[in-house]
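Here are a few exercises to work through with a structure viewer open. Try each task yourself before you read its solution.

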2 protein chains.
Amino acid sequence: MENSDIIYGKNSIIEALTSGSREINKILISRNIHTDGKINKIKELAQEKGIVFQFVAREKFQPYAELNHQGVIAQISPIKYMELEDFLETKNHTNSSLVILDGVEDSHNLGAIIRTCVCAGVDGIIIPSRRNVQVNATVEKISAGAINYIPIIKVNSLVNAVQKLKDSNWWIIATDASANDNYYDVKYNDMNFAIIMGAEHAGVSKSLLKISDYVVKIPMQNSFNSLNVSNALSAVIFETLRQKLMKDK
Amino acid sequence: MENSDIIYGKNSIIEALTSGSREINKILISRNIHTDGKINKIKELAQEKGIVFQFVAREKFQPYAELNHQGVIAQISPIKYMELEDFLETKNHTNSSLVILDGVEDSHNLGAIIRTCVCAGVDGIIIPSRRNVQVNATVEKISAGAINYIPIIKVNSLVNAVQKLKDSNWWIIATDASANDNYYDVKYNDMNFAIIMGAEHAGVSKSLLKISDYVVKIPMQNSFNSLNVSNALSAVIFETLRQKLMKDK
């Protein structure tokens, strides 16, 4: 059983039971944990949906000792990544938004980014199939179930994906510490746009910066200027939302 | 040796050596790790400052097995929290900002918040002495050294602290999911202000909401609406910075 085929933690499993599109095969609950409201909810939802749940000995959880599983694990069908072509064709996009991750390596960061994107109404997240963390059990846990609300699009080449987006009339905004413009100088309304966030140390690759329509920075106010990537994205993505909501008023 | 009296990880220790105001007693480096550029930098900085560093057997790190210490630990004087009175008197505050944390329990969140605050030029962070995570070794590690660039003010009562700020003519902005106004509706320029962020589940306490000048929300775009507290703060605090920088233009 691969890590990507389990999810763990009470909230993740409740979210997967209520909003997930993925098939849950079985839920394992440790006999040693205290049955609280959330465990009862998991049991109820599982019963409703005809999903097997088993109370098992503590030892069954030994392989997952390093995970903060709270005594409950679900075996689940692997996440279905979306194809970029399918994303572009699902609807007539206007004022849609995407986030493109170029080399984000930390599971906690990807989980937090997924959460932020869902809250801010982003329409999808593009990750490359290499040199980037994939959606694993930790990402799902940190996302607190948000993973069920947003398509994750996996591509072999970010450059090709960006080119395809440009061909479909999307605007590409890359973030880079040495940019001249600030992220809030761009007007995000009336267009489909994709924001590219880079690895925490290396930033966005040169090949992507070169084909982006805008390169923007977050203005730093201190000689200590190392902003966590999920917090950087939050600043940018909620600015795009602010502009949208201010305009709709 | 208490957890609060050590810091760990290469970057944290380099930051403490270069910018920290705290006394480093001794640096322990595991004999089993590969000596890279950062380890060499730690040795150089320690030599410059006359700080003892020792290469020790792997076993010495056993008590810290659960920490991601990268084979290097420093024994350090405990963090010096600032008194609110001292903060208020250090300078004639104009356009200053504070972040007040009401019940943030997770070390990763506090570390990320410290990082974001430093990058955005926030002048200080207030935490209560109870029911909130304190600055421990994990917080320092996650803050990536940012802890050395911002005063952390610890108070026994947040209500008293907020009252004192109001008496000193500061404006208080609390965040709450059920607020009517959005965070970007407030004009943050031309005033000293403090943003109150609540616990992830409980939110800001009623007693603090009642005495705040503004209560604002981050508009959520999805039925899944659980934004991580450090990402929520990032959205709000960079909006205050945007307003400031747009005005300065």
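The exercises below concern a predicted model, and each is followed by a worked solution.

**Exercise 1. Find how chain B is related to chain A, and which C-alpha of chain B is nearest the axis.**

Solution. Start by superposing chain B on chain A: this takes a rotation of 180° with 0.0 Å of shift along the axis, and the RMSD is 0.0 Å. That is the relation of a two-fold axis. Now look along chain B for the C-alpha nearest the axis; it belongs to Ala235(B), 2.3 Å away.

**Exercise 2. Describe the contact between the chains, and work out whether the copies meet through the same surface.**

Solution. First count the residues: chain B brings 32 and chain A brings 32. Next, ask which helices of chain B take part. Helix H4 (107–119) and helix H8 (229–248) each supply at least two residues to the side that touches chain A, and H8(B) gives the most, with 9 residues. Then sort that side of chain B by class: 17 residues are nonpolar, 12 polar and 3 charged. Finally, compare the two sides. Of the interface residues of chain B, 100% are also interface residues in chain A, so the copies meet through the same surface.

**Exercise 3. Locate the residues with the most contacts inside the largest nonpolar core, and list the partners of the one in chain B.**

Solution. The largest nonpolar core has 116 residues, and Val99(A) and Val99(B) have the most contacts inside it. Take Val99(B) and set aside its neighbours within four places in sequence: the contacts are then Ile113(B), Cys117(B), Val122(B), Ile125(B), Ile195(B), Met197(B) and Leu233(B). As a general rule, nonpolar side chains tend to be buried together in soluble globular proteins.

**Exercise 4. Place Asn169(A) and Ala144(B), and decide for each: buried or exposed?**

Solution. Begin with the backbone. Phi is positive in Asn169(A), near 75°, and also positive in Ala144(B), near 60°; neither residue is glycine. Asn169(A) sits in the loop between helix H6 (158–167) and strand S8 (171–175) of chain A. Ala144(B) is found in the loop between helix H5 (137–142) and strand S7 (152–155) of chain B. Now count neighbours: Asn169(A) has 9 C-beta neighbours inside 10 Å, so it counts as exposed. Ala144(B) has 21 other C-beta atoms within 10 Å and is therefore buried.

**Exercise 5. Check the span of helix H2 of chain B, then look at what follows the helix.**

Solution. Helix H2 (residues 37–48) has 12 residues, which at 1.5 Å a residue should span 16 Å. The end C-alpha atoms are 16 Å apart, which agrees. After H2(B) comes Gly50(B), with a positive phi near 65°.

Key
Residues are numbered from 1 along each chain as its sequence is written. Chains are lettered from A and ligands numbered from 1 in the order in which they are written. This is a predicted model: local features need pLDDT of at least 70, side-chain atom pairs count only at pLDDT 80 or more; totals for chains, interfaces and linings use all residues. Helices (H or I, at least four residues) and strands (E, at least two) are DSSP runs, numbered from the N terminus. A residue is buried if 20 or more other C-beta atoms lie within 10 Å of its own, exposed if 12 or fewer, and partly exposed in between; C-beta atoms are placed from the backbone. The expected span of a helix is 1.5 Å times one less than its number of residues. Two residues are in contact if their C-beta atoms, placed from the backbone, lie within 7 Å. Ala, Val, Leu, Ile, Met, Phe, Trp, Tyr, Cys and Pro count as nonpolar, Asp, Glu, Lys and Arg as charged, and the others, Gly among them, as polar. A nonpolar core is a set of buried Ala, Val, Leu, Ile, Met, Phe, Trp, Tyr and Cys residues joined through C-beta atoms within 7 Å. Copies are superposed by least squares on the C-alpha atoms of residues with pLDDT of at least 70 in both.
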